[in-house]
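Got your viewer open? Let's take a walk through this one together, picking out one piece at a time.

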Amino acid sequence: MSPQTAEAKSNSTSKHVNVPGKPEGWVPAGDLQEIVTLEEMQKLPKETIFMTGSEAARESIRRANVDMAIAYPITPQSETMQQAGYLFDEGYIKDYYRAEEEIGTMSAISGASRAGVRSLTATSGPGLMRGTEAIASWPGARTPIVMLNMCRVINTPLAIQPDNTEISFLLNTGMLVMHAENQQDFFDWPLIAFIVSEEVDVTLPCTVSVDGFFVTHARGNVAMCDKKYKIPPRDGWRNAVPSMDNENPPARISRDAPIQKSNFISYHMHASWQQEVFSAVERSAKYFDKYLGGLIEVVNPDAEEMIIASGAAVSQAREAVRQEEEKGNKVGLIKVKTIRPWPREQIIAAAKHAKVILVPEFNQTGWLHKDVCTTLYGKSTASIYPGPRVFGGMTMPTELILDWLKDIREKNTSRNHF
Amino acid sequence: MGVKRYNVRMAGLGGQGVVTASHILSNGVVISGGHSSLVPFFGSEKRNAPVESYVRISADVIYEIGEIIYPNIIMIFHPSVITLGKSYTMPFYTGLKEGGVCVINTGTPIPFTADEQKGLDVNDTKVYNVPCTEIANKVAKTDLATNMGMCGAIAAVLGMPDLVSLGGSVKDRFIGKGIVVSGGTAALDSAIEKKFAKKAKLLEANMRTLYATYKYVIDKGWGHPDANLVDEEELVANACGTVNV
């Protein structure tokens, strides 16, 4: 691309002259970036850097052309949003502030999205719970927002450790839910989340969840393109829902009074409204499929013993698959990338050879297991085992998965299965 | 040891640089062309509180993440991890795989209880006592270099990373890429930097400590066949020669 074209394509329309605290003539670094489509970005030459998940998220945000970021610090999310603060200082994020708590955060970022700008927030377990009242209203308000969620224990006893039960609370809100496995996913997926959530026939918020500490505070290899590139800005004018003019705010947000009354019309309206939200979730699948290279990844597709997992449990399962391979056993793995949209047909197809299915999870509730059982009911003859599960922040040793497989093979288990 | 992958659990006390040591070891392995990942255990970040950090090392790609429950190497940075039970993992060898190695920072053998001795014996554990703090005091003139000593010792035991890569990792830590472990560590940095007028001096002291414990392990016959000494002056010059501070 010639420099002229690059300039023409860049959105450096804002002239930041005499920004307080910056030298005269300071130009935000984001204005100097070159815009490429996400497809183009995915094909650019990449450099591999050994970095933490928080740093990977920072590099993703740097390339994401974010207009507005609002967050309230909570462990283990704090480090990422501290890094986002540096990006704001350098001019990669146009506006950024620390809210006063999570209800405020999640309400405010919704306002940003309604105004038509690309909006980012991030939180963790208890903060997510506090903000859920506002979060649950996002999908129906059709607000594209990317929320990074660094999972953390929410139940008692209190802990700051990773545990992803909180994801179960997001599954029925109507928002898009991705569950990243590692640092590379945590770089790649926020960019995908922005683009998909802003598609006209989607127009929904998207969370990119990741298991806290295990990914955010640990280092892994991340391949990324040069920081001189960014994805295109959000096109507020082509929103499915008209952007709000914050200079002249509407007297009331809801345009139809009946929706706020409990009467027959409002029930109809609510039903069609929600039907449309969940249809939009399904419509997002084609975009995720394109950018993620499939909603699921399958290792050893013809194996009779399969592991179905998401997030950090996938990494543990990969190691279990490898160690079984060293012993001469073939174990399969299905990595579920998007929990919403739920890849129902893909999982049915990928699990059709399975006789035994394990669903390892980093939580007590087994939300993935429930969805797997619902999906495979009547479609598979496999015995589906609810685990292994670890929670409260405990890690999942590969040995635990290997033990379960061994016990099942030797019929040495009284574990319930479905 | 015939193992292709090492899972290392480091245990010590807050302020000893356990987490920093894990970053340096891990980064050293990556510099040497291997694969590594690490995760610290996040408890209370304060002086003398128990600290654990976990490092995975492999010649091949690593998938597994999270804390290491079943290590094949454990490193004890302070005797009171064992004698006073200052540890998240009790007893200290819990989960150590059969034929595993335990490197302890001590000049004199730890008086294990009968149960501890039995626990080590039935598991065929090799215990290597390396006086890292003594060596740090002697070579670097500060016990703050204990963690460097532990890095040198473990690199010799495992035969990876090589001394030059490990030195490169220490250099990354203090100069250039600047691996930041936590806010508390940054504060300690400024304290230690005052002690050493120039970063180059600090780096040199650390390099010489690394070298001394690496050599100690080899001299004791505990070194991996792949562990090779390099010229000490060359190692120091490589790390410090280009530093103009």
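**Stop one: a sheet in chain B**

Keep in mind as you click that this is a predicted model. Start by selecting chain B, where six strands make an open sheet in the order β2-β3-β1-β4-β5-β6, with mixed pairing. Now look for the edges: β2 (35-40) and β6 (126-130) of chain B each pair on one side only. On average, neighbouring strands in this sheet are turned by 15 degrees against each other, direction ignored.

Next, zoom in on β4 (residues 73-76) and β5 (residues 101-105) of chain B, which pair in the parallel sense over four bridges. Which residue of β5(B) is the bridge partner of B:Met75? Select B:Val103 and you've found it.

**Stop two: a covered strand in chain A**

Hop over to chain A and select β13 (residues 331-336). Is this strand mostly covered or mostly open? Mostly covered: six of its six residues are buried. Try showing the side chains face by face. On one side you'll meet A:Val331, A:Leu333 and A:Lys335, on the other A:Gly332, A:Ile334 and A:Val336, and all of them are buried.

Now add the strands that pair with β13(A). β11 (residues 296-299) of chain A pairs with β13(A) in the antiparallel sense over four bridges, and A:Val299 has A:Leu333 as its bridge partner. β12 (residues 305-309) of chain A runs parallel to β13(A), and five bridges join the two. There, A:Ala309 is partnered with A:Lys335. Trace the chain from β12(A) through α12(A) to β13(A) and you've followed a right-handed β-α-β crossover.

**Stop three: two domains of chain A**

Colour residues 29-234 of chain A as domain 1 and 296-409 as domain 2, following the domain assignment. Their C-alpha centres lie 27 Å apart. Where do they touch? Here 23 residues of domain 1 are in contact with 18 residues of domain 2. On the domain 1 side, α8 (166-170), β7 (176-180) and β8 (206-211) of chain A each give two or more residues, and β7(A) gives the most, with five. That side has 13 nonpolar, seven polar and three charged residues.

**Last stop: where the chains meet**

Show both chains again. Here 19 residues of chain A are in contact with 14 residues of chain B. On chain A's side, select β9 (219-224), α12 (312-326) and α15 (398-409), which each give two or more residues. Which element has the largest share? That's α12(A), with five residues, the helix you passed in the crossover. By class, chain A's side has nine nonpolar, six polar and four charged residues.

Definitions and conventions: Residues are numbered from 1 along each chain as its sequence is written. Chains are lettered from A and ligands numbered from 1 in the order in which they are written. This is a predicted model: local features need pLDDT of at least 70, side-chain atom pairs count only at pLDDT 80 or more; totals for chains, interfaces and linings use all residues. Two strands pair if DSSP finds at least two bridges between them. Axes are lines fitted to C-alpha atoms, for helices over the stretch in contact, and angles run from 0 to 180 degrees between N-to-C directions. Domain bounds come from an automatic or database domain assignment. Two residues are in contact if their C-beta atoms, placed from the backbone, lie within 7 Å. Ala, Val, Leu, Ile, Met, Phe, Trp, Tyr, Cys and Pro count as nonpolar, Asp, Glu, Lys and Arg as charged, and the others, Gly among them, as polar. A residue is buried if 20 or more other C-beta atoms lie within 10 Å of its own, exposed if 12 or fewer, and partly exposed in between; C-beta atoms are placed from the backbone. A crossover is right-handed if, with the strands pointing away from the viewer, the path from the first strand over the helix to the second runs clockwise.
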